[in-house]
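Here's a walk through one protein chain, from the overall layout down to a few side chains worth finding in your viewer. Have the structure open while you read.

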Amino acid sequence: MNEPLVTLIGNLTRWKEIPGWEGLYEVSDSGKIRRSPHSRGRGAAPGRVLKTNVNGPGNLHEWVTLYRNSVGTKMYVHRAVALAFVDGQGDLVRHLDDKPSNNTPANLAWGTQQDNVRDMFRNGHASNGRRARTQCPWGHPYTVENTYSTKRSHRACRACSRERARCSR
């Protein structure tokens, strides 16, 4: 099996081909995307770093448009970096520090939406209504040790659960 093309520039930046876009586009370990130096055809000059876009004030994830056969495809930068540099699999790519502008491989991990929500709580970035609360209605803290997820993905307090079980005997 062939290893993906890796290019070193000044021993600082590593470039790898984006899986599924071999020969057309490469991504760096610093989160830059460029046209492959060996590509041909119309569009950005070979080796040119592409300009990124963001969705808007509420969603600062960077993305670029990649072209194949004159058809454009939106590709999020963090997904391209994860495809090329991060081992594992999952439904989505998580930013471990919850900062969408930090697209380095060390800050990215594959996971599920539930993993992503756990990251938000761990980093103190949960802000929607009940999820932003730091303690249950009876005053027990929502800590990692005292919190579990129900079958419906709701947060529940272990201390309250133990108390209900003790009272129901």
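A residue counts as exposed when its relative accessible area is over 50%, and as buried when that area is under 20%. Keep in mind that this is a predicted model. With that cut-off, N69 is an easy call: its relative accessibility is 72%, so N69 is exposed.

**The chain overall**

The chain has three helices and 11 strands. Going along the sequence, they come in the pattern β-β-β-β-β-β-β-α-β-β-α-β-β-α. Of the 169 residues in the chain, 32% are buried. As for contacts with a separation of 6 or more, 27% of them are between residues 24 or more positions apart.

**A three-stranded sheet and its helix**

Which strands make up the open sheet of three, and in what order? The order is 5-6-7, and the pairing is antiparallel. Strand 5 (53–56) and strand 7 (71–76) are the edge strands, each with pairing on one side only. On average, neighbouring strands in this sheet are turned by 40 degrees against each other, ignoring direction. Helix 1 (residues 77–85) packs on the sheet and touches both strand 6 and strand 7. The direction of helix 1 makes about 80 degrees with that of strand 7.

Zoom in on the antiparallel pair of strand 6 (residues 59–68) and strand 7, and you'll find six bridges joining them. W63 has Y76 in strand 7 as its bridge partner, while Y67 stands opposite G72 in strand 7. As a rule, side chains in a regular strand alternate between the two faces of the sheet.

Strand 6 and strand 7 also form a hairpin, with two residues between them. That's where exposed N69 comes back in: N69 lies in the loop between these two strands. N69 has a positive phi of about 55 degrees, even though it isn't a glycine. D98 is another non-glycine residue with a positive phi, in this case about 65 degrees. You'll find D98 in the loop between strand 8 (92–95) and strand 9 (108–111).

**Rings and charges**

The structure holds one aromatic pair. The ring planes of W21 and Y25 are at 70 degrees and their centres are 5.8 Å apart, so this is an edge-to-face pair. Both W21 and Y25 are buried.

Some rings have a charged side chain over them instead:

| Charged residue | Ring | Distance to ring centre |
|---|---|---|
| K74 | W63 | 4.6 Å |
| R155 | Y142 | 3.8 Å |

W63 is thus a residue to look at twice: its bridge partner is Y76, and K74 lies over the face of its ring.

**Around T147**

Is T147 buried or exposed? T147 has a relative accessible area of 16%, so it counts as buried. T147 belongs to strand 10 (residues 147–149). The T147 side chain reaches the backbone oxygen of T143 at 2.7 Å.

What does T147 contact, leaving aside neighbours within four places in sequence? The list is Y142, R155, A156 and R158. Two of those names are in the table above: the charged end of R155 sits over the ring of Y142. If you click on T147 and show what surrounds it, then, you should see that Arg–Tyr arrangement among its contacts.

Definitions and conventions: Residues numbered from 1 in each chain as written. Heavy atoms only, no water. Pairing = 2+ DSSP bridges. Helix = DSSP H or I, 4+ residues; strand = E, 2+ residues; numbered from the N terminus. Axes fitted to C-alpha atoms, helices over the stretch in contact; angles between N-to-C directions. Contact = heavy atoms within 4.5 Å. Phe/Tyr/Trp six-rings, centres within 6.5 Å; stacked < 30°, edge-to-face > 60°. Buried < 20%, exposed > 50% of the residue type's maximum accessible area, 1.4 Å probe, protein only. Lys NZ or Arg CZ within 6 Å of the ring centre and 35° of its normal. Polar contact = N/O pair within 3.5 Å; in protein donor to acceptor, adjacent residues only side chain to side chain.
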